[in-house]
There are 2 protein chains.
Amino acid sequence: MTVLALDIGASKFSAGRVHAGRRVREVRQVDVPRESVWEVCRALLLEVAGDETVTAVGIGSAGPVDVPSGVTAPLNMPEWRSGFPIVAKVQELFPTAAIRFAIDGACLALAEHHVGALRGVPNALAMTVSSGIGGGIIVDGKVALGRTGNAGHVGHIVVPGWDTPCACGGVGCVEAIASGMSSVRWARAQGWDGNTGAELAKAAHIGDPIALAALERAGTALGQAIASAAALLDIDMVVIGGGFAQSGDPLWTPLRAAAAKHARLEFLHGLRVVQSRITNGATLVGAGVLAAGHATADVMD
Amino acid sequence: MTVLALDIGASKFSAGRVHAGRRVREVRQVDVPRESVWEVCRALLLEVAGDETVTAVGIGSAGPVDVPSGVTAPLNMPEWRSGFPIVAKVQELFPTAAIRFAIDGACLALAEHHVGALRGVPNALAMTVSSGIGGGIIVDGKVALGRTGNAGHVGHIVVPGWDTPCACGGVGCVEAIASGMSSVRWARAQGWDGNTGAELAKAAHIGDPIALAALERAGTALGQAIASAAALLDIDMVVIGGGFAQSGDPLWTPLRAAAAKHARLEFLHGLRVVQSRITNGATLVGAGVLAAGHATADVMD
């Protein structure tokens, strides 16, 4: 008997076996193809399952999702973007298994709450800052789902100072200002000639003024969004993972300064913003936690 | 045997008896004095209790509060502002009663969830827009408390376009832009010569250009803050009460426009923002719901 975890990323599927309710082992990864997406996903799950009877599968997916109907619709996956019934399909594959499904941000929060910086923290925000910005929230000891399973879309908090259009159709979302991709776009418009968030961080560390300005802009916007979320949720802990969050002081110093400037209510005086120590596969870890039955209704341990 | 509800407002105490788990009757109100605040509160509670045995008391208080320690510290009440142990004091008064305590915003959300616009809505935001801006949030069917009982501080979401200092010590909070008091202050700085939010609304309705601009500014900021909260919480319903929310189309038209402009994620397409129908004493109603044992852990009915 075995329990599986599946991470549906925008460009990669990862799956593994869940051990001891929280460790995911024997992980396999494949690129998401342009077509026959389900066939590739199905083969991956069967490979990881091997000859074992699968008793549960935890699925974390790039959003948006519709959890009540078990449908995922990842923006960057053309074949599935109008909606794919992932829960029903995985259930067909493993008819006797319990299938548990959540957005990647909720899985991130589950992972941090069970094995990361948010252990024992009943009110908190987990974020990922990479090419985009996502997250999950823990409210009164439980990962919040929201109406359709999309709670935690911290990337679409509106921040001051910018009217940049966002991919969501809105204007001034923190993702449109502070993600790795948005920061690179802004830096290039100022004359910088690199291509990735990692290059931008390197350039900032050797003192490139445009790169430094880009990271200051991103950090400030992140700190403002965090202050807004903290006031609304009454949290004292925020953990940030993802590639662009590895940019060091040029990002983190303005981030912490902006959070401190705006989060001034007395109950926020102890607000900590820390870097995630889960360096790899946080969504898969969270899907494992989900699969193991630490459902969102019972994540305190 | 009777159940009591107490509303600790910045300027008034209200108390009443709770009937049928949700109706508060025989309501008495007194002004909060400068000194001997507890003595006045105590006399009010005893008057409302009469000869009955009190089995439970629900207390809703202006914030900030510290729910885990049962302390209230209303900003605008000098004698209590550094912290008053309200739960212990009420418990002394009624030794065998169950004492339940929450911030006014959480009571507002409880009231709307039980008898108002949020009945049957498991993910939502309840706001009050009057001299200040407060609120409470419902997450996955329960009123969120947060770490110290202060969840729902929607008035301190940061909004774009303004760098007005806020009473909290921060900058650009929606309360500093869009409350009745902030709007009056802004209008007066532009040359308008009225004094209250109600006068400002009247002036706007007869076409005063400064009053119209003040309400457009307030409505836009409110719509932006609502969009940020909606993305984070995955809600489809926001209800707004409070005196300044009665300002009609000059406030509501820009409010709805800004919410629609910024809340563009697919799961937010059905977002409704409605005016509260609880015209009087929403905090007291919520304190009654709290007292009657529909605790925040079980508010679905």
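Q: What do the angle and axis distance of two packed helices rest on in this predicted model?
A: Axes are lines fitted to C-alpha atoms, for helices over the stretch in contact, and angles run from 0 to 180 degrees between N-to-C directions. The model is predicted. By that definition, H7(B) and H8(B) pack at about 35 degrees. Their axes are 7 Å apart.

Q: How do you know which hand the crossing of H7(B) and H8(B) has, left or right?
A: A clockwise turn of the near helix from the far one, by less than a right angle, counts as right-handed. The crossing of H7(B) and H8(B) is right-handed.

Q: What makes the contact of H7(B) with H8(B)?
A: H7(B) brings residues including Leu212(B), Leu215(B), Leu222(B) and Ile226(B). H8(B) brings, among them, Leu251(B), Trp252(B), Leu255(B) and His262(B). By class, the contact has 14 nonpolar, six polar and two charged residues.

Q: How do you know how the two copies are related?
A: Chain B superposes on chain A by a rotation of 180 degrees, with 0.0 Å of shift along the axis. The RMSD is 0.1 Å. The two copies are therefore related as by a two-fold rotation axis. Pro160(B) has the C-alpha of chain B nearest that axis, 1.8 Å from it.

Q: Why can one say that the copies meet through the same surface?
A: Of the interface residues of chain B, 100% are also interface residues in chain A, so the surface is the same. Each residue pair in contact has its C-beta atoms within 7 Å. The contact takes 42 residues from chain B and 42 residues from chain A.

Q: What makes up the side of chain B that touches chain A?
A: Strand E9 (133-139), helix H7 (209-233) and helix H8 (249-262) of chain B each give two or more residues. H7(B) gives the most, with seven residues. The classes on this side are 21 nonpolar, 14 polar and seven charged.

Q: Why are strand E3 (23-31) and strand E7 (98-103) of chain B said to stand at the edges?
A: A pair of strands needs at least two bridges. E3(B) and E7(B) each have a single partner strand, so one side of each is left without a neighbour in the sheet. The sheet is open, with five strands in the order E3-E2-E1-E4-E7 (chain B) and mixed pairing. Its neighbouring strands are turned by 15 degrees against each other on average, direction ignored.

Q: How do you know that strand E2 (residues 12-19) of chain B pairs with E3(B)?
A: The cut-off is at least two bridges. Seven bridges join E2(B) to E3(B), and the strands run antiparallel. Ala15(B) has Arg28(B) as its bridge partner in E3(B).

Q: Which helices lie on this sheet, and at what angle to E7(B)?
A: Helix H2 (residues 86-93) of chain B packs on the sheet and touches strand E4 (54-61) and E7 of chain B. The direction of H2(B) makes about 155 degrees with that of E7(B). Helix H3 (residues 104-115) of chain B lies across E4 and E7 of chain B. H3(B) runs at about 100 degrees to E7(B).

Q: What makes strand E10 (142-143) and strand E12 (272-275) of chain B edge strands?
A: Each pairs on one side only. They belong to an open sheet of five strands in the order E10-E9-E8-E11-E12 (chain B), again with mixed pairing.

Q: How do you know that strand E8 (residues 124-129) of chain B pairs with strand E11 (residues 237-241) of chain B?
A: At least two bridges are needed. E8(B) and E11(B) have four, in the parallel sense. Thr128(B) stands opposite Gly241(B) in E11(B). H7(B) packs on this sheet, touching E8, E9, E11 and E12 of chain B. The direction of H7(B) makes about 155 degrees with that of E8(B).

Q: Why is the peptide bond from Gly63(A) to Pro64(A) called cis?
A: Omega is near 0 degrees. Pro64(A) sits in the loop between strand E4 (54-61) and E5 of chain A. Chain B also has a cis peptide bond, joining Gly63(B) and Pro64(B), with omega about 0 degrees. Most peptide bonds are trans.

Q: What makes the phi of Glu26(B) worth a look?
A: Most residues other than glycine have a negative phi. Glu26(B) is not a glycine, yet its phi is positive, about 50 degrees. Glu26(B) lies in strand E3 of chain B.

Definitions and conventions
Residues numbered from 1 in each chain as written. Chains lettered and ligands numbered in written order. Predicted model: local features only at pLDDT ≥ 70, side-chain atom pairs only at ≥ 80, totals over all residues. Contact = placed C-beta atoms within 7 Å. Nonpolar A, V, L, I, M, F, W, Y, C, P; charged D, E, K, R; others polar. Least-squares fit on C-alpha atoms with pLDDT ≥ 70 in both.
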